[in-house]
Amino acid sequence: MIDYQDKKVVIIGLGVTGLSCVDYFLSKNVIPRVIDTRQQPPALEHLDQRVVFHRGDLRVDWLLEADLIVVSPGIALSTPELKLAAENGIEIIGDIELFCREINQLKDKKVVAITGSNGKTTVTTLVGEMAKATGKSVAVGGNIGEPVLTLLSNDYDIYILELSSFQLETTFSLHATVATILNITEDHMDRYPEGITQYMQAKQRIYHHAQVCLFNADDPLTRPKAGYCDSCRQFGIAQGEYRLDSHAQSLVIDGDAVLDTTQMNLFGLHNYMNALVALAIADQLAITREISLTVLKQFKGLAHRFELVHEKHGIRWINDSKATNVGSTEAALRSIKCTGRIHLLLGGDGKQADFSPLKPYLQNNITIYAFGRDRQLLAQLNPDSTTQFETMAQAMNQIIVNLHAGDIVLLSPACASLDQFKNYMERGKLFAMLAKELGA
């Protein structure tokens, strides 16, 4: 195992992940220092009393005295204090890197690494269910579920990791059995001032040292920059080893239709793509097709991700609150089929994203209800079909008077929720509650 004895370690960030880093080093008889810029970090009450803690700012003298800095994904490497530390030759990593160093010491462990602007939680969860159905011991973590370092306390056969671009920036030792980028669309542009190329470069780190690279044939940004090779596999709408048939009614693998999409609980084009990726990963893990298809047919999807939360009087209410970026809302609008009118709720904090890619989808049978911080920017996409509201609840009370049988009410906001909500889950729960009240 990795030895950190006599290392001066500083951990930045004391949330659940930061606390897992503290526990990790304490288990190795290393007492780290901890910094958090917040006055009341969420995990402070659980911090071991042996650990010295600093709050309010990034204490530069501690950083420059460190041998190793373990930084929360929420702190940008471009932060001046971290740039200064890097310039002084101090190693800066994240918890995923600590995990990878440990796993690389073990034999016969399989690691699946999944990233993408949209869909990664659905794919990660679905692959996890497929792997568990084989009877093997399976851990799911990373950007979802448990912090990865807590997974080291048990012996698992397969580790399935959802990884964000922020986590990948500080990861160097990942050797995935199979790694995939589902898609790349503008997101977190407030964190990537050089634009989507800088964001793509962070995502592409997932392919480093991977045994198999799985990429989206319809999205050139996901293609490994080293080029296509024998260890690459492709998925896509109409191309790749894993694709859909010409009518998007069947999942096709190497030319053979393996499942009719009507047999799935998941619906929508983007979810069919997620299913293809899960099947591709399952094949690389040597999961039998019988098992993977059985799980796929039973899988009901995840809350707040294109979730049908209410249906009455011929009107469907779909909660896609997890659509916190433009690409995710694009995917929802491409996937939706509606015989009536779509009442689209857009709004929140756009994180300095360019909303213009949505324009082609906001014509004809769509009425826009823009709310929250960036409602004025969103209204510019189609002023003739947009009404502005301060809150989502106000918008939904207006929607109810405009509904007819065959219509769909879609919350797919293309924005983060933090201007008015704690998180996208709180936003989605409010939408679902109001949908059932108003739609009754």
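The following questions and answers concern a predicted model of a protein structure.

Colleague: How many of the residues of helix α10 are buried?

Modeller: Helix α10 runs over residues 326-335 and is mostly covered. Its buried residues are Val326, Gly327, Ser328, Thr329, Glu330, Ala331, Ala332, Leu333 and Ser335. The number of buried residues in α10 is therefore 9 of 10, where buried means under 20% relative accessible area.

Colleague: What covers the buried residues of α10?

Modeller: The cover comes from elements elsewhere in the sequence, and it includes a helix and several strands. The strands are β17 (342-347), β18 (366-371) and β20 (408-411). The helix among these elements is α8 (269-284).

Colleague: Which residue caps the N-terminal end of α10?

Modeller: The cap involves a side-chain oxygen and the backbone nitrogen of Gly327. These two atoms lie 3.3 Å apart. The residue that supplies the side-chain oxygen is Asn325.

Colleague: Which residues does UniProt list for "binding site"?

Modeller: The listing comes from an unreviewed UniProt entry. One of the listed residues, Gly116, has its place in the loop between β6 (110-115) and α5 (120-132), and Asn118 lies in the loop between β6 and α5 as well. The residues listed in the entry are Gly116, Ser117, Asn118, Gly119, Lys120, Thr121 and Thr122.

Colleague: Is Gly116 buried or exposed?

Modeller: Leaving aside residues up to four places away in sequence, Gly116 touches Ile181, Leu182, Asn183 and Lys203. Its relative accessible area is 0%. Because this value is under 20%, Gly116 counts as buried.

Colleague: Which residues does Asn118 touch, not counting residues up to four places away in sequence?

Modeller: Asn118 has a relative accessibility of 13% and therefore counts as buried. Its contacts include Asn325, the residue that caps the N-terminal end of α10. They also include Gly327 and Ser328, which are buried residues of α10. The full set is Leu182, Asn183, Thr185, Asn325, Gly327 and Ser328.

Colleague: Is Ser164 buried or exposed?

Modeller: Ser164 lies in the loop between β8 (158-162) and α6. It touches Thr115, Asn143 and Lys203, not counting residues up to four places away in sequence. Its relative accessible area is 12%, which is under 20%, so Ser164 is buried.

Colleague: Is Lys225 buried or exposed?

Modeller: Lys225 lies in the loop between β10 (212-216) and β11 (232-235). It touches Met200, Gln204 and Pro220, not counting residues up to four places away in sequence. Its relative accessibility is 55%, and because this is over 50%, Lys225 counts as exposed.

Colleague: What distance separates the C-alpha atoms of Lys225 and Tyr207?

Modeller: Along the chain, Lys225 and Tyr207 are 18 residues apart. The separation in space is taken between their C-alpha atoms, and it is 9.1 Å.

Colleague: Which element gives the most to the lining of the largest cavity?

Modeller: The structure holds 4 cavities of 30 Å³ or more, and the largest has about 60 Å³ of space. Two elements give two or more residues to its lining, namely α4 (95-103) and α6 (165-169). By class, the lining has 5 nonpolar, 4 polar and 3 charged residues. The element that gives the most, with 3 residues, is α6.

Colleague: Which residues are the closest to the centre of the second largest pocket?

Modeller: The second largest pocket has a volume of about 300 Å³. Of the 15 residues that line it, the closest to its centre are Gly268, Leu269, Tyr272, Ser335 and Lys337.

Colleague: Which helices each supply at least two residues of the lining of the second largest pocket?

Modeller: By class, this lining has 6 nonpolar, 6 polar and 3 charged residues. One of the two helices, α8, is also among the elements that cover the buried residues of α10. The helices that each supply at least two residues are α8 and α10.

Colleague: How far apart in space are Gly348 and Asp3, C-alpha to C-alpha?

Modeller: Gly348 has its place in the loop between β17 and β18, and it is buried, with a relative accessible area of 1%. Its contacts include Phe371, Cys415 and Asp419. In sequence, Gly348 and Asp3 are 345 residues apart, and in space the separation is 45 Å.

How values were computed
Residues numbered from 1 in each chain as written. Predicted model: local features only at pLDDT ≥ 70, side-chain atom pairs only at ≥ 80, totals over all residues. Heavy atoms only, no water. Buried < 20%, exposed > 50% of the residue type's maximum accessible area, 1.4 Å probe, protein only. Helix = DSSP H or I, 4+ residues; strand = E, 2+ residues; numbered from the N terminus. Contact = heavy atoms within 4.5 Å. Polar contact = N/O pair within 3.5 Å; in protein donor to acceptor, adjacent residues only side chain to side chain. UniProt positions renumbered as here; feature names shortened; annotations may be inferred. 1 Å grid on protein atoms, 1.4 Å probe; cavity = no way out; pocket = protein on both sides within 12 Å on 5 of 7 lines; lining within 4 Å. Points joined across faces, edges and corners; volume = space filled by probe spheres on them. Nonpolar A, V, L, I, M, F, W, Y, C, P; charged D, E, K, R; others polar.
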